[in-house]
Amino acid sequence: NLTRNEALTYVEPHLKRSRYEHTVRVVEQAVDLAKKYDVDVKLVEIAAALHDYAKYKPLEEMERWIKTDRRLPKDLLDYHHELWHGPVGALMLEKELGISDAAVISAITCHTTGKKHMSTLDKVVFLADYIEPGRDFPGVDEVRELANKNLDDACRLALKNTILFLVEKGRTVYPDTFHAYNDFI
Ligand code: DGI
Ligand code: FE
Ligand code: FE
Ligand code: FE
(Lines give C-alpha, C1' and ligand atoms only; values in the text may rest on other atoms or scores of the structure.)
(Ligands and ions follow the chains in the order given, each with its own letter.)
Protein backbone atom coordinates (compact mmCIF):
# COMPACT_ATOMS: atom_id res chain seq x y z
CA ASN A 1 0.00 0.00 0.00
CA LEU A 2 1.10 3.48 -0.98
CA THR A 3 2.40 5.83 1.72
CA ARG A 4 1.73 9.56 1.86
CA ASN A 5 5.27 10.37 0.69
CA GLU A 6 5.18 7.83 -2.12
CA ALA A 7 1.90 9.33 -3.35
CA LEU A 8 3.30 12.87 -3.17
CA THR A 9 6.48 11.84 -4.97
CA TYR A 10 4.36 10.23 -7.69
CA VAL A 11 2.32 13.36 -8.42
CA GLU A 12 5.03 15.99 -8.01
CA PRO A 13 6.51 15.80 -11.55
CA HIS A 14 2.98 16.12 -13.00
CA LEU A 15 2.16 19.36 -11.19
CA LYS A 16 3.31 22.95 -11.23
CA ARG A 17 5.18 23.98 -8.11
CA SER A 18 2.25 25.99 -6.71
CA ARG A 19 -0.15 23.12 -7.35
CA TYR A 20 2.18 20.68 -5.61
CA GLU A 21 2.36 23.00 -2.61
CA HIS A 22 -1.45 23.18 -2.60
CA THR A 23 -1.50 19.38 -2.64
CA VAL A 24 0.78 19.13 0.40
CA ARG A 25 -1.49 21.56 2.27
CA VAL A 26 -4.57 19.55 1.26
CA VAL A 27 -2.93 16.42 2.70
CA GLU A 28 -2.21 18.18 6.00
CA GLN A 29 -5.69 19.72 6.17
CA ALA A 30 -7.33 16.41 5.27
CA VAL A 31 -5.38 14.54 7.95
CA ASP A 32 -6.56 17.08 10.55
CA LEU A 33 -10.16 16.56 9.46
CA ALA A 34 -9.73 12.78 9.31
CA LYS A 35 -8.59 12.65 12.93
CA LYS A 36 -11.44 14.88 13.98
CA TYR A 37 -14.12 12.96 12.09
CA ASP A 38 -12.69 9.48 12.56
CA VAL A 39 -11.72 8.61 9.00
CA ASP A 40 -8.86 6.26 8.07
CA VAL A 41 -5.83 8.58 7.96
CA LYS A 42 -3.88 6.36 5.55
CA LEU A 43 -6.67 6.43 2.98
CA VAL A 44 -7.16 10.17 3.40
CA GLU A 45 -3.44 10.81 2.87
CA ILE A 46 -3.41 8.82 -0.36
CA ALA A 47 -6.60 10.38 -1.77
CA ALA A 48 -5.55 13.92 -0.82
CA ALA A 49 -2.02 13.51 -2.19
CA LEU A 50 -3.36 12.21 -5.52
CA HIS A 51 -6.49 14.37 -5.89
CA ASP A 52 -5.14 16.86 -8.49
CA TYR A 53 -2.91 14.40 -10.34
CA ALA A 54 -4.58 15.06 -13.72
CA LYS A 55 -4.91 18.84 -13.30
CA TYR A 56 -2.44 19.56 -16.15
CA LYS A 57 -3.13 16.62 -18.43
CA PRO A 58 -3.81 17.65 -22.04
CA LEU A 59 -7.52 18.23 -22.65
CA GLU A 60 -7.44 15.88 -25.64
CA GLU A 61 -6.10 13.08 -23.46
CA MET A 62 -8.81 13.59 -20.84
CA GLU A 63 -11.46 13.88 -23.55
CA ARG A 64 -10.31 10.55 -24.99
CA TRP A 65 -10.68 8.92 -21.57
CA ILE A 66 -14.20 10.26 -21.16
CA LYS A 67 -15.22 9.11 -24.62
CA THR A 68 -13.74 5.63 -24.31
CA ASP A 69 -14.03 4.53 -20.69
CA ARG A 70 -17.50 3.22 -19.90
CA ARG A 71 -17.16 4.20 -16.25
CA LEU A 72 -16.94 7.92 -16.99
CA PRO A 73 -20.19 9.86 -17.43
CA LYS A 74 -20.39 11.23 -20.97
CA ASP A 75 -22.12 14.40 -19.79
CA LEU A 76 -18.75 15.60 -18.44
CA LEU A 77 -18.02 16.64 -22.04
CA ASP A 78 -20.96 19.08 -21.91
CA TYR A 79 -19.52 20.87 -18.85
CA HIS A 80 -16.40 22.85 -18.12
CA HIS A 81 -13.14 20.94 -18.61
CA GLU A 82 -12.10 22.06 -15.12
CA LEU A 83 -14.38 19.26 -13.88
CA TRP A 84 -12.57 16.51 -15.77
CA HIS A 85 -9.35 16.16 -13.75
CA GLY A 86 -11.00 14.43 -10.77
CA PRO A 87 -12.89 11.61 -12.49
CA VAL A 88 -10.29 11.11 -15.23
CA GLY A 89 -7.35 11.37 -12.81
CA ALA A 90 -8.87 8.72 -10.55
CA LEU A 91 -9.05 6.21 -13.40
CA MET A 92 -5.57 7.10 -14.69
CA LEU A 93 -4.20 6.44 -11.20
CA GLU A 94 -6.14 3.23 -10.89
CA LYS A 95 -4.44 2.03 -14.06
CA GLU A 96 -0.96 3.42 -13.38
CA LEU A 97 -0.66 2.71 -9.67
CA GLY A 98 -3.11 -0.15 -9.35
CA ILE A 99 -5.13 1.76 -6.76
CA SER A 100 -7.80 -0.76 -5.95
CA ASP A 101 -9.50 0.96 -3.03
CA ALA A 102 -12.91 2.14 -4.27
CA ALA A 103 -13.14 4.64 -1.42
CA VAL A 104 -9.94 6.39 -2.56
CA ILE A 105 -11.06 6.37 -6.19
CA SER A 106 -14.38 7.88 -5.14
CA ALA A 107 -12.80 10.69 -3.10
CA ILE A 108 -10.52 11.69 -5.99
CA THR A 109 -13.38 11.42 -8.49
CA CYS A 110 -15.77 13.72 -6.65
CA HIS A 111 -13.30 16.19 -5.09
CA THR A 112 -14.37 19.09 -7.35
CA THR A 113 -18.12 18.59 -7.69
CA GLY A 114 -19.18 16.46 -4.77
CA LYS A 115 -21.90 13.89 -5.46
CA LYS A 116 -24.96 12.22 -3.96
CA HIS A 117 -24.28 10.06 -0.88
CA MET A 118 -20.73 11.25 -0.21
CA SER A 119 -18.77 9.09 2.23
CA THR A 120 -16.97 10.70 5.15
CA LEU A 121 -13.71 10.20 3.24
CA ASP A 122 -15.22 11.97 0.20
CA LYS A 123 -16.31 14.87 2.41
CA VAL A 124 -12.94 15.21 4.12
CA VAL A 125 -11.02 15.44 0.83
CA PHE A 126 -13.62 17.75 -0.73
CA LEU A 127 -13.56 20.07 2.25
CA ALA A 128 -9.77 20.01 2.71
CA ASP A 129 -9.39 21.06 -0.92
CA TYR A 130 -11.76 23.96 -0.25
CA ILE A 131 -10.33 25.22 3.06
CA GLU A 132 -6.59 24.44 2.92
CA PRO A 133 -4.69 27.46 4.32
CA GLY A 134 -3.63 28.72 0.88
CA ARG A 135 -7.25 29.31 -0.18
CA ASP A 136 -8.46 32.86 -0.02
CA PHE A 137 -11.89 33.49 -1.42
CA PRO A 138 -15.01 35.10 0.01
CA GLY A 139 -16.62 32.97 2.68
CA VAL A 140 -13.76 30.53 3.19
CA ASP A 141 -13.16 31.56 6.81
CA GLU A 142 -16.76 30.79 7.73
CA VAL A 143 -16.39 27.33 6.17
CA ARG A 144 -13.13 26.85 8.11
CA GLU A 145 -14.90 27.63 11.37
CA LEU A 146 -17.75 25.26 10.56
CA ALA A 147 -15.23 22.56 9.66
CA ASN A 148 -14.13 22.52 13.29
CA LYS A 149 -17.68 21.92 14.45
CA ASN A 150 -19.65 19.90 11.93
CA LEU A 151 -18.42 18.27 8.74
CA ASP A 152 -21.80 18.30 6.99
CA ASP A 153 -22.52 21.95 7.83
CA ALA A 154 -19.13 22.89 6.41
CA CYS A 155 -19.68 20.88 3.22
CA ARG A 156 -23.15 22.39 2.80
CA LEU A 157 -21.80 25.93 3.00
CA ALA A 158 -18.89 25.16 0.66
CA LEU A 159 -21.34 23.77 -1.92
CA LYS A 160 -23.70 26.68 -1.45
CA ASN A 161 -20.86 29.17 -1.99
CA THR A 162 -19.68 27.31 -5.09
CA ILE A 163 -23.16 27.15 -6.61
CA LEU A 164 -23.80 30.85 -5.90
CA PHE A 165 -20.38 31.75 -7.34
CA LEU A 166 -20.99 29.80 -10.54
CA VAL A 167 -24.52 31.18 -10.96
CA GLU A 168 -23.28 34.72 -10.33
CA LYS A 169 -20.66 34.25 -13.08
CA GLY A 170 -23.29 32.88 -15.45
CA ARG A 171 -21.55 29.51 -15.56
CA THR A 172 -23.09 26.04 -15.68
CA VAL A 173 -23.35 23.91 -12.56
CA TYR A 174 -22.66 20.21 -12.90
CA PRO A 175 -25.64 18.16 -11.67
CA ASP A 176 -23.55 16.26 -9.09
CA THR A 177 -22.88 19.56 -7.33
CA PHE A 178 -26.64 20.01 -6.87
CA HIS A 179 -27.01 16.37 -5.84
CA ALA A 180 -24.32 16.84 -3.19
CA TYR A 181 -25.90 20.06 -1.97
CA ASN A 182 -29.42 18.59 -1.78
CA ASP A 183 -28.07 15.68 0.26
CA PHE A 184 -26.93 18.11 2.96
CA ILE A 185 -30.29 19.89 3.19
O1 DGI B 1 -8.33 21.65 -8.56
P2 DGI B 1 -8.46 22.72 -7.51
O3 DGI B 1 -8.22 24.11 -8.07
O4 DGI B 1 -7.64 22.47 -6.29
O5 DGI B 1 -9.97 22.75 -7.00
P6 DGI B 1 -11.24 22.02 -7.62
O7 DGI B 1 -10.90 20.72 -8.21
O8 DGI B 1 -12.27 22.02 -6.52
O9 DGI B 1 -11.71 23.01 -8.80
C10 DGI B 1 -12.58 24.01 -8.46
C11 DGI B 1 -12.97 24.80 -9.65
O12 DGI B 1 -13.97 24.14 -10.44
C13 DGI B 1 -13.60 26.08 -9.14
O14 DGI B 1 -12.92 27.17 -9.72
C15 DGI B 1 -15.02 26.02 -9.59
C16 DGI B 1 -14.92 25.12 -10.80
N17 DGI B 1 -16.20 24.57 -11.24
C18 DGI B 1 -16.67 24.72 -12.49
N19 DGI B 1 -17.86 24.14 -12.63
C20 DGI B 1 -18.18 23.58 -11.45
C21 DGI B 1 -17.12 23.82 -10.57
N22 DGI B 1 -17.13 23.37 -9.30
C23 DGI B 1 -18.24 22.66 -8.93
N24 DGI B 1 -18.28 22.21 -7.68
N25 DGI B 1 -19.28 22.37 -9.75
C26 DGI B 1 -19.32 22.81 -11.02
O27 DGI B 1 -20.28 22.55 -11.76
FE1 FE C 1 -8.96 19.70 -8.18
FE1 FE D 1 -12.74 21.83 -4.60
FE1 FE E 1 -7.07 20.73 -5.33
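I started with burial: 39% of the protein's 185 residues count as buried. Note to self: this is a predicted model.

Next I looked up the secondary structure. I found 10 helices and 0 strands, so the pattern along the sequence reads α-α-α-α-α-α-α-α-α-α. The radius of gyration is 15 Å, close to the 16 Å that the globule rule gives for 185 residues, so the protein is as compact as a globular protein of that length. The C-alpha trace spans about 40 × 35 × 30 Å along its principal axes. I also checked contacts with a separation of 6 or more: 58% of them link residues 24 or more positions apart.

Then the inside. Which residues touch the most other members of the largest nonpolar core? They are A30, A47, V124, V125 and L127, in a core of 50 residues. Helix α7 (residues 120–131) gives this core its largest share, 8 residues. I followed V124 further: leaving aside neighbours within four places in sequence, V124 is in contact with A30, L33, A34, Y37, V39 and V44.

I looked at helix α6 (residues 102–109) too, where V104, I105, A107, I108 and T109 are buried. The cover over these buried residues includes α3 (41–50), α5 (85–97) and α7.

From the record: an unreviewed UniProt entry annotates residues 19–134 as "domain: HD". I get 61% helix and 0% strand for that span, with its end C-alpha atoms 11 Å apart.

Last, ligand 1. I counted 15 residues around it, the closest being E82, T112, V173, Y174 and T177. The shell divides into 4 nonpolar, 7 polar and 4 charged residues.

Notes:
Residues numbered from 1 in each chain as written. Chains lettered and ligands numbered in written order. Predicted model: local features only at pLDDT ≥ 70, side-chain atom pairs only at ≥ 80, totals over all residues. Near = placed C-beta within 6 Å. Nonpolar A, V, L, I, M, F, W, Y, C, P; charged D, E, K, R; others polar. Core = buried A, V, L, I, M, F, W, Y, C linked by C-beta atoms within 7 Å. Buried ≥ 20, exposed ≤ 12 C-beta atoms within 10 Å, placed from the backbone. Helix = DSSP H or I, 4+ residues; strand = E, 2+ residues; numbered from the N terminus. Contact = placed C-beta atoms within 7 Å. UniProt positions renumbered as here; feature names shortened; annotations may be inferred. Rg over C-alpha atoms; globule rule 2.2 N^0.38 Å.
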